[in-house]
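Please open the model in a viewer and keep the sequence panel visible. The stops below proceed from the sheet to the helices and then to the ligand.

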Amino acid sequence: MKHENLSVKGMTCASCVASVEKATAKLEGITNVNVNLTTEKLTFDYDMDKVSIEDVKKAVKAVGYEVLTET
Ligand code: 9UX
């Protein structure tokens with residue numbers, strides 16, 4: 001498993017956090033999802049054989065938030 005850190009923009013409340021958590025946690029190969037409203041960070045562990053970072057970003061965008069890879 002690899003650990004990854006993404007920035008999520010546009011979350012303003014606890015429901016936003018829940019939406020992002022739900023959308024990402026349901027993807028196959030993702031575990032330990034954590035979304036922090038204050039820092040705008042999405043962290044998770046993932047299995048590269050099952051899911052890609054692009055898949056995760058798509059899932060976040062699909063529920064209405066901007067997502068950026070940490071640099
Ligand atoms: Mo409530 Mo968070 O509409 O966008 S889910 S503020």
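Two strands are taken to pair if DSSP finds at least two bridges between them. By that criterion S1 and S4 pair, antiparallel, over four bridges. The model is a predicted one, and its chain averages a pLDDT of 97, with 99% of the residues scoring at least 70. For the complex, the predictor gives an ipTM of 0.84 and a pTM of 0.93.

**The annotated region.** Select residues 2-68, which UniProt lists, in an unreviewed entry, as "domain: HMA". Over this range the chain is 33% helix and 36% strand. The C-alpha atoms at the two ends of the range are 18 Å apart.

**The sheet.** Display the strands next. In what order do the four strands of the open sheet lie? The order is S2-S3-S1-S4, and the pairing is antiparallel. Strand S2 (30-36) and strand S4 (66-69) form the edges, each pairing on one side only. Neighbouring strands of the sheet are turned by 25° against each other on average, direction ignored. In general, strands of a sheet pair through backbone hydrogen bonds, either parallel or antiparallel.

**Strand S1 and its partners.** Select strand S1 (residues 2-9) together with strand S3 (residues 41-46); six bridges join these antiparallel strands. Which residue of S3 is the bridge partner of Asn5? That partner is Thr43. Move on to Leu6, whose bridge partner in S3 is Leu42. Towards S4, Leu6 stands opposite Thr69.

**The helices.** Now add helix H1 (residues 14-25), which lies across S1, S2 and S3. Its direction is at about 165° to S2. Then select helix H2 (residues 53-62), which lies across S1, S2, S3 and S4. Helix H2 runs at about 155° to S4.

**The ligand.** Finally, centre the view on the ligand. Which residues are around the ligand? They are Thr12, Cys13, Ser15 and Cys16. The shell around the ligand divides into two nonpolar residues, two polar residues and no charged ones. To compare this site with the helix shown earlier, keep residues 14-25 of H1 displayed while selecting Ser15 and Cys16 beside the ligand.

Note on methods. Residues numbered from 1 in each chain as written. Predicted model: local features only at pLDDT ≥ 70, side-chain atom pairs only at ≥ 80, totals over all residues. Near = placed C-beta within 6 Å. Nonpolar A, V, L, I, M, F, W, Y, C, P; charged D, E, K, R; others polar. pLDDT = per-residue confidence, 0-100. UniProt positions renumbered as here; feature names shortened; annotations may be inferred. Axes fitted to C-alpha atoms, helices over the stretch in contact; angles between N-to-C directions. Contact = placed C-beta atoms within 7 Å.
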